[in-house]
Every structure is written in structure tokens, then in C-alpha cells.
Amino acid sequence: MIRIEKKRESECEGTSCLLSSGNPARRRTAMLQPISLFPFLKIIIIIISSSILKKTMKLYYFPLSQPSRSVLLLIKEAKIDCEVITVDLMKGEHKKPEYLAVNPLGLVPSIVDDDGFVLCESGAVLTYLAESRSLTEWLPLQIPRFAGG
């Protein structure tokens, strides 16, 4: 009977035969073989979907503007995927219709988030980024505890 069992296993190929074998260790490894391919498939799907479907946030800023630099600093430090668009205030680009469609006041910084949400004023932008990206190390959720209260 032992000889027949060994002969059956040597004749079999694939995981279906291994799963029917009497050896539990062989069954475990057979069950893991097809699953080990899934992480690679997940990675490929994530890369393809993120490159095709993902829209990036846009930051409109001017390098000499301190509020613009503070928003850019948070974006870079928190590694938020963002397209940075320079609006040259010295050349009057903030008064052009293309930028006034984003921010009717013509001020910097402004962001246009992935879903099309537009927000202006640096304090509001910083708070929005911290809350929407769960950046609790930048904006604590329990402020009284951190303030000593």
C-alpha cells in the first residue's frame, strides 16, 4: 500500500494531485503555490491602475510667497503626489483668465485636489491636506493633549 501511494504521487503533476495526497506538508506547499503568484499580479494591477486612473493634485504657487512655500514644504515632507505649477506674480500671471478660473481673487497658493476640489488660502490648504491625508504628526487630532491641557 505504501508503494502504491508513492507511485501515485510520482505520476501526478500539478497541485490537484498534491492536494489529494496523504502527506499534510505536501498539501500545505501545494496550496501556497498558486497564492504566491497573487502578490505579483496585485502589484502589476496597482501600477497600471495608478498610472492610468490617478489624477494628481495641482499646487499653484509662487516661490517668493511665504504661504506658498509653507504649503509646498508640507507636500514635499509628507510625500504627497502633486504637480507644482508656478504662477509668476511679477509677470502678472495671477491676473490671467486661466488662473482666475482656479482662484477668482488671483492669490497664491491654491490647490486643485484629485477630485476637482479647489481650495485657496494657505492655512486652509495646510489644514485640508493634513486632515484629508491623515497626517496626524503634522496636525494632531487631540489638540488639548498636545497643548498641555
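**Close-up 1. Phe117 and its ring partner Tyr128.** With a relative accessibility of 36%, Phe117 is partly exposed, because that class lies between buried (under 20% relative accessible area) and exposed (over 50%), using a 1.4 Å probe and protein chains only. This is a predicted model, in which local features need pLDDT of at least 70 and side-chain atom pairs count only at pLDDT 80 or more, while totals for chains, interfaces and linings use all residues. Residues are numbered from 1 along each chain as its sequence is written, and side-chain values use heavy atoms, with hydrogens and water left out.

The model holds 2 aromatic pairs (rings of Phe, Tyr and the six-membered ring of Trp, centres within 6.5 Å; planes under 30 degrees apart are stacked, over 60 edge-to-face, the rest tilted). In one of them, the ring centres of Phe117 and Tyr128 are 5.0 Å apart and the planes stand at 40°, so this pair is tilted. It joins distant parts of the chain, 11 residues apart: Phe117 sits in the loop between S3 and S4, Tyr128 in helix H7 (helices, H or I of at least four residues, and strands, E of at least two, are DSSP runs numbered from the N terminus).

**Close-up 2. The salt bridge between Arg133 and Asp113.** Here is the 1 salt bridge counted (a side-chain nitrogen of Lys or Arg within 4 Å of a carboxyl oxygen of Asp or Glu). Its N to O distance is 3.0 Å. Arg133 is partly exposed at 25%, whereas Asp113 is buried at 7%.

**Close-up 3. Ser110 in strand S3.** Ser110 is buried, with 0% relative accessible area. Among its contacts beyond four places in sequence (heavy atoms within 4.5 Å) are Lys58, Tyr60 and Cys120.
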